[in-house]
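Please examine the sequence and model shown below, with attention to the aromatic side chains and the nonpolar interior.

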Amino acid sequence: MAGAGEDSRALFSAGVRAVLEAWPALQIAVENSFGGVHSQEKAEWLGGAVEDYFFRNADLELDEVEDFLGELMTNEFNTVVEDGSLPQVSQQLQTMFQHFQRGDGAALKEMASHITQRKCKVRATALTTASEADKDDADNVEAMEVTATNDGKATNDGAPTDGACPQPEPSGPDSQTIKEEDIVEDGWTIVRRKK
């Protein structure tokens, strides 16, 4: 019976890693080295830290998992996740842990497989603001445009192949610029969600 417990733990570990590897906010943070030169190593460590957190705290509430993940992203990757993905990632992790607690290896395997299949590859590119284009390069403020593809493949119209990774809406020249009032005096840029 000890073998079954070890198998479930290994499946839970694989599931945690699948969830984290499919998380666009973490992908962007690692790809752009938001955590410094060791961003990839931090991402790998994050999987173990999340596992340990669940094993030490068996009866976690969803908001506790969200807070923990948000704190790790802030502390390790200097990233505040405000894209609405924290609740989804937290729910996936919590569901996997419930399957682990019940010893339901088949459900763990299926869930990890499903997440891996739906994994999106995201890419962030810098855009310069129109109002700042005339200033020195040192003073330029940049925005990030994020595009997603499913396993690096997109259809001819830019839409993902299975609808799992929604592409950003096509944007005109005005939507790619940051308004002057969105740049606050300390150099930070306010990013607003489209309505």
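The following paragraphs consider the nonpolar core and then the aromatic pairs.

This is a predicted model, in which local features need pLDDT of at least 70 and side-chain atom pairs count only at pLDDT 80 or more, while totals for chains, interfaces and linings use all residues. Residues are numbered from 1 along each chain as its sequence is written, and side-chain values use heavy atoms, without hydrogens and water.

The largest nonpolar core (buried Ala, Val, Leu, Ile, Met, Phe, Trp, Tyr and Cys residues joined through side-chain atoms within 4.5 Å) has 34 residues, of which Trp23, Leu26 and Val50 touch the most other members. At least two residues of this core come from each of helix 1, helix 2 (24–31), helix 3 (39–56), helix 4 (62–77), helix 5 and helix 6 (105–117); helices are DSSP runs of H or I, at least four residues long, numbered from the N terminus. Leaving aside residues up to four places away in sequence, Val50 touches Val16, Leu20, Phe68, Leu69, Leu72 and Leu93, contact meaning heavy atoms within 4.5 Å.

The whole structure contains ten aromatic pairs (ring centres of Phe, Tyr and the six-membered ring of Trp within 6.5 Å; planes under 30 degrees apart are stacked, over 60 edge-to-face, the rest tilted). Phe12 and Phe100 form a tilted pair, 5.6 Å centre to centre with 35 degrees between the planes. This pair links helix 1 (residues 2–21) to helix 5 (residues 85–102) across 88 residues, and both Phe12 and Phe100 are buried, that is, under 20% relative accessible area with a 1.4 Å probe, protein chains only. Tyr53 and Phe54 pair edge-to-face at 6.4 Å and 80 degrees. One aromatic cluster comprises Phe12, Tyr53, Phe54, Phe55, Phe68, Phe97 and Phe100.

Definitions and conventions. Buried means under 20% relative accessible area, exposed over 50%, partly exposed in between (1.4 Å probe, protein chains only).
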